[in-house]
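Dear colleague,

I am passing on the structure we spoke about, and below it you will find my notes on what was found. Please keep the structure open beside the text as you read.

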Amino acid sequence: MRELIERLAEEILSSKWTIALTGAGISVESGIPDFRSPGGLWSRFDPMEYAHIDSFRRNPRKVWEMLKEVFRLISSALPNPAHYALAELESMGLLQAVITQNVDGLHQKAGSKVVIEYHGNHDWLVCLECGWRRSAQDLKEEEMPPTCKVCGFILKPSVVFFGEPIPWEAQIRALEEARRCELMLVIGTSAVVYPAADLPRIAKSKGARVVEINREPTVLTGVISDYLIEGKAGEVLPEILKEVKKRKDG
Ligand code: NAD
């Protein structure tokens, strides 16, 4: 593992365009469970059921039972050392963008500036009937589920549910980054949710090196990624940053 961390530090320093693609795993150490680990929120609320747009259209009140808990989790979560390490690499000019599948806003909280939110965020509440929207910043628990001021329908947060399209601007920017990068760090994602999972394949097909940081191998390992650094993102990324700084300063 030490050898791979040193190798990646070298590659970060020599790459002219490095990006990160992050998934739920990077926020696990901030207390937000991913979809695949046992226990927690997602063993009570099956994401394929509760996070599907058809479920929301059929029974938004039921989906808001899950959303209430997600809002509570996200509003109290803080960035962990993995988020901070990426923000620092960006400020050193060594990371050009983060494409995140996460909807928790923790990259921005850690100080990352160029963040492409592929699956939206929890910043807005939108009416699927008439398009009216309000900020979610001041949403109180007693108001949940919040309703539209114009037509009374239950509002949906501006996150991308299964069965919904990716916001076009995020999709275009992410594609450009995937095509342009020389090095892509794929962190804490199982790479099975499409079209996000296509991004490492696109980067690879354009000649980029793809390096995974994950607690375990994924469908990309040994197929798309050049190598996997196996471990917790909150421990591995600060080690990589330390190694980069050591080489840069020395
Ligand atoms: P996923 O749950 O399918 O996979 C998570 C991956 O992270 C797994 O491969 C797991 O081995 C790895 N992992 C878990 N803990 C880790 C750690 N500490 N360090 C490194 N790796 C770790 O998540 P996904 O691939 O992102 O796809 C699920 C979809 O649901 C995405 O859209 C995702 O962003 C969304 N989601 C978001 C959040 C969030 O915003 N924090 C939370 C849950 C799900």
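In this predicted model, helix α8, which spans residues 168-180, lies across the strands β1 (18-22), β2 (97-100), β3 and β7 (183-187), and its direction makes an angle of about 130 degrees with that of β3. Helix α9, made of residues 198-205, also lies across several strands, namely β1, β2, β7 and β8, and it runs at about 160 degrees to β7.

The strands just named belong to an open sheet of 6 strands, in which the order is β3-β2-β1-β7-β8-β9 and the pairing is parallel. At the edges stand β3 (115-117) and β9 (227-230), each of which pairs on one side only. If you follow the sheet from strand to strand, neighbours are turned against each other by 20 degrees on average, with direction ignored. Towards the β9 edge, strand β8 (residues 209-214) pairs with β9 in the parallel sense over 4 bridges, and here N214 stands opposite E230 in β9. When you look at the side chains, it may help to remember that in a regular strand they alternate between the two faces of the sheet.

A separate set of strands is joined in the antiparallel sense. Strand β4 (residues 120-126) is connected by 3 bridges to strand β5 (residues 133-135), and the two run antiparallel; within this pair, L125 stands opposite R134 in β5. The hairpin that β4 and β5 form has 6 residues between the strands, and G131 takes a positive phi near 85 degrees there. Strand β4 is also joined by 3 bridges to strand β6 (residues 156-159), again running antiparallel, and V126 has K156 in β6 as its bridge partner.

Let me turn to the helices that pack against α10. Two packed helices are described by the angle between their axes and the distance between the axes, and you can follow both quantities in the two cases below.

The axes of helix α1 (residues 2-14) and helix α10 (residues 233-249) come within 9 Å and cross at roughly 55 degrees, an angle that makes α1 oblique to α10. The crossing of α1 over α10 is right-handed. On the α1 side the contact involves R2, I5, E6, L8, A9, E10, I12 and L13, which meet E239, I240, E243, V244, R247 and K248 of α10. Sorted by type, the residues of this contact of α1 with α10 comprise 7 nonpolar, no polar and 7 charged.

How do the axes of helix α6 (residues 81-91) and α10 cross? They come within 7 Å and cross at roughly 30 degrees, and since an angle under 35 degrees counts as roughly parallel, α6 and α10 are therefore roughly parallel to each other. Their crossing is left-handed. The residues in contact are P81, A82, A85, L86, E88 and L89 from α6, together with A233, G234, L237, P238, L241, V244 and K245 from α10. The residues of the contact of α6 with α10 divide into 10 nonpolar, 1 polar and 2 charged.

Finally, the domain assignment splits the protein chain into domain 1 (1-32 + 78-119 + 165-250) and domain 2 (33-76 + 122-159). The centres of domain 1 and domain 2, taken over C-alpha atoms, are separated by 27 Å, and 14 residues of domain 1 are in contact with 11 residues of domain 2.

With best wishes

Terms used. Residues numbered from 1 in each chain as written. Predicted model: local features only at pLDDT ≥ 70, side-chain atom pairs only at ≥ 80, totals over all residues. Heavy atoms only, no water. Pairing = 2+ DSSP bridges. Axes fitted to C-alpha atoms, helices over the stretch in contact; angles between N-to-C directions. Parallel < 35°, antiparallel > 145°, perpendicular 65-115°, else oblique. Left-handed = near helix turned anticlockwise from the far one by under 90°. Contact = heavy atoms within 4.5 Å. Nonpolar A, V, L, I, M, F, W, Y, C, P; charged D, E, K, R; others polar. Domains from an automatic or database assignment.
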